[in-house]
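Me: I'm new to reading protein models. Could you walk me through some features, one at a time?

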Amino acid sequence: DIPEGVKVLKGDIWEPYELYKRFTRRDKKELVYSGFMTGTEKPSFTQKASVWLRGNFFIPDARAFWRRPSVRMLTDWLENNEIDAIISSGPPHTTHLIARDLKRKTGIPWLADFRDPWTDIDFYDQLMLTGWADRKHRKLEQSVIKEADRMLTVSWGFAEGLKKLGREDIGLVFNGFDSEDFVLPESNPLDDNFSLCHIGSLNQDRNSRLLWEVCAELVRELPEFGKRFKIRFIGATDEIAIRQLTELGLAESVERIEYMPHEQIVRQLIRSQVLLLLINDTPNVLGIMPGKMYEYMAARRPVFGVGHTNGDAARVLVQTGVGVMCDFQDRAGMKAELRRLFDGYRNGTPMFTGVTEEIVQFTRRGATQRIASVLNEIS
């Protein structure tokens, strides 16, 4: 959504993903994700080797080859053009290094925006880093933390993590939703079935076998639940999740859509009975607030979450009233909440209890205003 009059500069770059696909014999059209999600419990030798190469040679990430050509192109452009500030938004954290290099060359004020952590990212310990590579990652991360004029991140937990790395003045600008995307059509009926919808990638860290077991129990115990229950995955879904659902006898309840344009996803969200929010079960779980959570609240459908009940995502769900968060191991809580939601669906009672005044603060317009105020302070 780029407005008219905004100048976009484009330059040639190279990425190693084509080599990765050839090495692992993947389809050329297949998307590759930052954690190189494998979809198997026991990755092959080539998959392990590719992850090792990614962590130890493509530092800080697989976009490392953007850096030199981008700095060269932008340095040439800045010789004849004036700007007030530089913003880098990552990951990929290569963008921060591009901005850092430009700041060193030009002295232009720089705002570094961390939408996810760097060395505290959930899959960092899966990259099989050598001691040298780990030190390199941390040295580059420290250079960004120390040299940026201001820093922003997206959650209270991530801000605390950055403070532990030596930066105190961390600003918060949450992810959000575009209100214009959620102008509800005059007629958009809800699903006839009791549908749970999950959008976005579902990797092994987000997969909740316990939840699938609870769903299977309810199917066995409540015949009407079994007839009405559907679960819809839109986006890349780990094969382990699909296999577990199949093993539990839920294959016929699963609808899987690999890709869908965003405008169609919005319609899927607002027609679903319940929206499923699965949080990564990883050490940095407290600060994780997936971008999909904001679109869920904009869709004004109840959110059923599985994560840490003291985490930032749970805090926002409670604050806005849009849903609940069940702990990763809370079988009884998951079952009780699904039964409550199913009873509301069956009885036709309102299931969404969101507070409009709390929800509107998470619009992208509000986030942009907060970023603009930071830029005014440094430029």
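**Reading helices, loops and odd bonds**

Reply: Sure. Let's begin with a single helix: helix α2, residues 45-57, has 13 residues and reaches 18 Å from its first C-alpha to its last, close to the 18 Å expected at 1.5 Å a residue. Keep in mind that this is a predicted model.

Me: Okay, and which residues of α2 are buried?

Reply: Those are Gln47, Ala49, Ser50, Val51, Arg54, Gly55 and Asn56.

Me: How do I read two helices that pack together?

Reply: Two packed helices are described by the angle between their axes and the distance between the axes. Try α4 (residues 94-106) and α5 (residues 131-147): their axes come within 10 Å and cross at roughly 55°. That makes α4 oblique to α5, since angles from 65 to 115 degrees would be needed for roughly perpendicular and under 35 for roughly parallel. The crossing of these two, α4 and α5, is left-handed.

Me: Which residues in α4 and α5 meet?

Reply: On the α4 side you'll find His96, Leu97, Arg100, Lys103 and Arg104, and they meet Leu140, Ser143, Val144 and Glu147 of α5. Sorted by class, the contact of α4 with α5 has three nonpolar, two polar and four charged residues.

Me: Can you show me another pair?

Reply: Take α7 (residues 209-221) and α13 (residues 331-347). They pack at an angle of about 50°, with their axes 10 Å apart. So α7 and α13 are oblique to each other. Their crossing, α7 with α13, is right-handed.

Me: And who meets whom between α7 and α13? Which residues are they?

Reply: From α7 come Leu210, Leu211, Glu213, Val214, Cys215, Glu217, Leu218 and Glu221, and from α13 come Arg331, Met334, Lys335, Leu338 and Arg339. By class, the contact of α7 with α13 has seven nonpolar, no polar and six charged residues.

Me: Now a residue inside a helix. Where is Gln142, and is Gln142 buried, exposed or partly exposed?

Reply: Gln142 sits in helix α5. Its relative accessible area is 22%, so Gln142 is partly exposed; the cut-off for buried is under 20%. You can also compare sequence and space: Gln142 and Lys105 are 37 residues apart in sequence and 19 Å apart in space, C-alpha to C-alpha.

Me: What about loops? Where do I find Phe65?

Reply: Phe65 is in the loop between α2 and α3, with α3 covering 67-78. With a relative accessible area of 39%, Phe65 is partly exposed. Leaving out residues up to four places away in sequence, Phe65 touches Trp14 and Phe58. For a sequence-versus-space check, Phe65 and Thr94 are 29 residues apart in sequence, and their C-alpha atoms are 8.5 Å apart.

Me: And Thr282: buried or exposed?

Reply: Buried, because its relative accessible area is 8%, with the cut-off for buried at under 20%. Thr282 lies in the loop between β8 (274-278) and α11 (291-299). Not counting residues up to four places away in sequence, Thr282 touches Asp122, Asp205 and Ile288.

Me: You mentioned odd bonds in the heading. What should I look for?

Reply: Here's the general idea: most residues other than glycine have a negative phi, and most peptide bonds are trans. Start with the bonds. The one from Ile59 to Pro60 is cis, with omega near 10°, and Pro60 lies in the loop between α2 and α3. A cis peptide bond also joins Gly90 and Pro91, where omega is about 10°. Pro91 is in the loop between β1 (86-90) and α4.

Me: And phi? What value does Met128 have?

Reply: Met128 has a positive phi of about 55°, although it is not a glycine. Look for Met128 in the loop between β2 (110-114) and α5. Its relative accessible area is 36%, so Met128 is partly exposed.

Me: Where is Arg300, and what is its phi?

Reply: Arg300 is in the loop between α11 and β9 (303-307). Phi of Arg300 is near 55°, a positive value in a residue other than glycine. Arg300 is partly exposed, with a relative accessible area of 30%.

Conventions: Residues numbered from 1 in each chain as written. Predicted model: local features only at pLDDT ≥ 70, side-chain atom pairs only at ≥ 80, totals over all residues. Heavy atoms only, no water. Axes fitted to C-alpha atoms, helices over the stretch in contact; angles between N-to-C directions. Helix = DSSP H or I, 4+ residues; strand = E, 2+ residues; numbered from the N terminus. Parallel < 35°, antiparallel > 145°, perpendicular 65-115°, else oblique. Left-handed = near helix turned anticlockwise from the far one by under 90°. Contact = heavy atoms within 4.5 Å. Nonpolar A, V, L, I, M, F, W, Y, C, P; charged D, E, K, R; others polar. Expected span 1.5 Å × (residues − 1). Buried < 20%, exposed > 50% of the residue type's maximum accessible area, 1.4 Å probe, protein only.
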